[in-house]
Amino acid sequence: MGSFTISHHFADSKELSYKATILKNTISEIRGLSTDFTTFMKNEMETQNGDLVDTINKEMMDQHKNHTLILEYLEDTITSMTNNYTDIVNDMRTQDVTLYYTYHAYKTEA
């Protein structure tokens with residue numbers, strides 16, 4: 001008994017990275033608002049001086065850096081998850097098929 005295995009593709013592969021666009025746009029908007037707020041606060045505090053003002057400015061800049069790192073991590077995570085989603089969907093478009101057969105030899109009389 002023999003067998004023959006092939007992979008059958010039910011549909012063409014698709015690129016699904018566009019699904020992350022809405023989330024990435026929102027992250028960019030949050031990043032812009034964070035930068036605008038930090039810039040506004042920094043400009044407001046420019047005329048002020050003292051240890052308290054210096055501490056506030058330092059903390060504000062540290063928080064802004066932390067938020068930027070978090071947003072970058074989110075973008076990377078969204079890209080990675082979208083790629084995994086694309087791979088999973090495309091893997092589901094293929095099915096292995098195995099055909100089993102029996103070979104019968106016939107003698108021909110001469």
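Here are some short exercises on the structure above, each with a worked solution.

Before starting, note that this is a predicted model, in which local features need pLDDT of at least 70, side-chain atom pairs count only at pLDDT 80 or more, and totals for chains, interfaces and linings use all residues. Residues are numbered from 1 along each chain as its sequence is written, and side-chain values use heavy atoms, with hydrogens and water left out.

**Exercise 1. Work out the overall layout of the protein chain.**

Step 1: Start with the secondary structure, which comes to two helices and two strands. Here helices (H or I, at least four residues) and strands (E, at least two) are DSSP runs, numbered from the N terminus.

Step 2: Put these elements in sequence order, and the pattern is β-α-α-β.

Step 3: Look at the extent of the C-alpha trace, which spans about 115 × 20 × 15 Å along its principal axes.

Step 4: Set the chain beside a globule. The protein chain has a radius of gyration of 30 Å, whereas a compact globule of 110 residues would have one near 13 Å. This radius is taken over C-alpha atoms, and the globule rule is 2.2 Å times the number of residues to the power 0.38.

Step 5: Turn to burial: 17% of the 110 residues count as buried. Buried means under 20% relative accessible area, exposed over 50%, and partly exposed in between (1.4 Å probe, protein chains only).

**Exercise 2. Check the lengths of the two helices.**

Step 1: Take the rule that the expected span is 1.5 Å times one less than the number of residues.

Step 2: Apply the rule to H1. Its 25 residues should span 36 Å, and its end C-alpha atoms are 36 Å apart, which agrees.

Step 3: Do likewise for H2, where 41 residues should span 60 Å; the end C-alpha atoms are 60 Å apart, so this agrees too.

**Exercise 3. Describe how H1 and H2 meet.**

Step 1: Find the axes. Those of H1 (residues 21-45) and H2 (residues 51-91) come within 10 Å and cross at roughly 170°. Axes are lines fitted to C-alpha atoms, for helices over the stretch in contact, and angles run from 0 to 180 degrees between N-to-C directions.

Step 2: Name the arrangement: this crossing makes H1 roughly antiparallel to H2. The class covers angles over 145 degrees.

Step 3: Pick out contact residues, meaning those with heavy atoms within 4.5 Å. Among them are Leu-23, Ile-27 and Met-45 of H1, and Val-53, Met-60 and Ile-78 of H2.

Step 4: See what is buried. In H1 the buried residues are Ile-27, Ser-34, Thr-38 and Met-45, and these pack against H2. The buried residues of H2 include Asn-57, His-64 and Leu-71; the buried set of H2 packs against H1 and strand S2 (94-101).

**Exercise 4. Place three charged residues: Arg-93, Glu-72 and Asp-54.**

Step 1: Locate Arg-93 in the loop between H2 and S2. Arg-93 is buried, with a relative accessible area of 17%. Leaving aside neighbours within four places in sequence, its contacts include His-8, Phe-10 and Asp-12.

Step 2: Move to Glu-72 in helix H2, which counts as partly exposed at 37% relative accessibility. Its C-alpha atom is separated by 18 Å from that of Met-60, twelve residues apart along the chain.

Step 3: Finish with Asp-54, also found in helix H2. Asp-54 is partly exposed, with a relative accessible area of 48%. Asp-54 and Ser-17 are 37 residues apart in sequence and 44 Å apart in space, C-alpha to C-alpha.

Definitions and conventions:
Parallel < 35°, antiparallel > 145°, perpendicular 65-115°, else oblique.
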